[in-house]
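Morning, everyone. I have one structure to show, and I'll keep it short. Here it is.

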Amino acid sequence: MRVDTLTSIKVFRQVVESGSFVAAAERLDLSTAMVSKHVMHAEKRLGVRLLNRNSRTLSLTEPGRVYFERCKTILEDLEATELELGSLGTAPRGTLRISCPSWFDGRRVADLLAEFRRRCPEIVLDVSFEDRLVDLVEEGCDVAMRVTAHPDSLPAALIARPVRSVEFYMGGSREYLKSKGTPKVPEDLAHHDCVGVGSADTWILKGPTGKVEVTPRVVIRYRSMSGVANAVAAGIGLGPLPAFFFEDPVFKDVLTPVMTEYPLREPTLYLVYVSRKYLPLKIRAFIDFMLESISKVAPPKVARRVD
């Protein structure tokens, strides 16, 4: 039976990454004997032993290590080229998996996604809203939208495209402010109940004379920004919120921004995706759309409300 060299390369790579002939056979839907035959074919053609193997262990020889690294690069370039060629002259299509912070589940982001669907109707969007850092490679996610003031916290192996800053302000519910009063300066927060964000013990505000760091009197903590917004709206205390929450139909008649001359330090929205020489057209189309569309969106207008 003739053995195809390219198939043997793919089988060899799978054996190394799976750690055994049996596991590789299961993943490739081949018999263990056929997997072994492909590896022996590669060794015979090259005239070197690629693997040290016995009944329990499997390891690369020095030539095998060199061959594996080269084969891996060749196969990844081949896959990328096939994706690129498959995109030429065609509309972007397929399922696009997107990970967003939990507080992106409102109307503003939904409107953007609706416009993207009108432009690219053959793309099916699979969107998850979560506040953890998703492993894009491990979990098969195409793009992540992340908001952070610390870009170093993003995985170094990924591409992170900055989109725009996200304005945060202190806010409270009308009932809370009516009952407890409205803070005027950061020092006033020491006399107010506050809703904590994650494990942060201090908040950094930007005042007329520079940075102001305050330690809020936290009475409850939330691990998601949507939770913070709902806790503030329920009157539990004051909390830092993205500016667009004050315009959101769900919250605009409940939440009031306070100390607007002291906004919080602005984090940045990033589009994060796996570094590839050739991006699939569906990912490239989404990134281009978001960079174009969000740059045109005016920042929310936050002003002190008067009852």
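Let's start with one residue: in which strand does valine 143 lie? Valine 143 belongs to strand 5, which covers residues 143-148. Keep in mind that this is a predicted model.

Is valine 143 buried or exposed? Its relative accessibility is 0%, so it counts as buried. What touches it? Set aside the neighbours within four places in sequence. Valine 143 then contacts Arg97, Ile98, Ser99 and Leu136. On the later part of the list are Leu271, Val272, Ile283 and Phe286. For a distance check, take glutamate 76. It sits 67 residues from valine 143 along the chain, and their C-alpha atoms are 19 Å apart.

Now the whole chain. The protein chain holds 9 helices and 14 strands. Its radius of gyration is 27 Å, while the globule rule gives 19 Å for 307 residues, so the chain is more spread out than a compact globule. The C-alpha trace spans about 85 × 45 × 35 Å along its principal axes. How much of the chain counts as buried? The figure is 43% of the 307 residues.

Contacts next. Take those between residues at least 6 apart in sequence: 73% of them join residues at least 24 apart. The accessible surface is about 16800 Å², and carbon and sulfur atoms account for 52% of that. On charge, there are 43 positive and 39 negative side chains. The centres of the two sets lie 2 Å apart.

Next stop, helix 8, residues 225-233. How many of its 9 residues are buried? The count is 7, so to speak of helix 8 as mostly covered is fair. The buried residues are Met225, Ser226, Gly227, Val228, Ala229, Ala231 and Val232. What do they pack against? Strands 7, 8, 11, 12 and 13. After helix 8 comes glycine 235, with a positive phi near 85°.

Two of those strands deserve a closer look. Strand 13 runs over residues 255-258, and both of its faces are covered. Leu255 and Pro257 are buried on one side. Thr256 and Val258 are buried on the other. Strand 7, residues 168-173, is antiparallel to strand 13, and 4 bridges join the two. Which residue stands opposite threonine 256? Glycine 172 does.

To recap: helix 8 packs its buried residues against strand 13, among others, and strand 13 is bridged to strand 7. That's my tour. Over to you.

Methods:
Residues are numbered from 1 along each chain as its sequence is written. This is a predicted model: local features need pLDDT of at least 70, side-chain atom pairs count only at pLDDT 80 or more; totals for chains, interfaces and linings use all residues. Side-chain values use heavy atoms; hydrogens and water are left out. Helices (H or I, at least four residues) and strands (E, at least two) are DSSP runs, numbered from the N terminus. The radius of gyration is taken over C-alpha atoms; the globule rule is 2.2 Å times the number of residues to the power 0.38. Buried means under 20% relative accessible area, exposed over 50%, partly exposed in between (1.4 Å probe, protein chains only). Contact means heavy atoms within 4.5 Å. Accessible areas come from the Shrake-Rupley method with a 1.4 Å probe; for residues, only the protein chains shown count as cover. Lys and Arg count as positive and Asp and Glu as negative; His and the chain ends are not counted. The place of a charge is taken as NZ of Lys, CZ of Arg, CG of Asp or CD of Glu. Two strands pair if DSSP finds at least two bridges between them.
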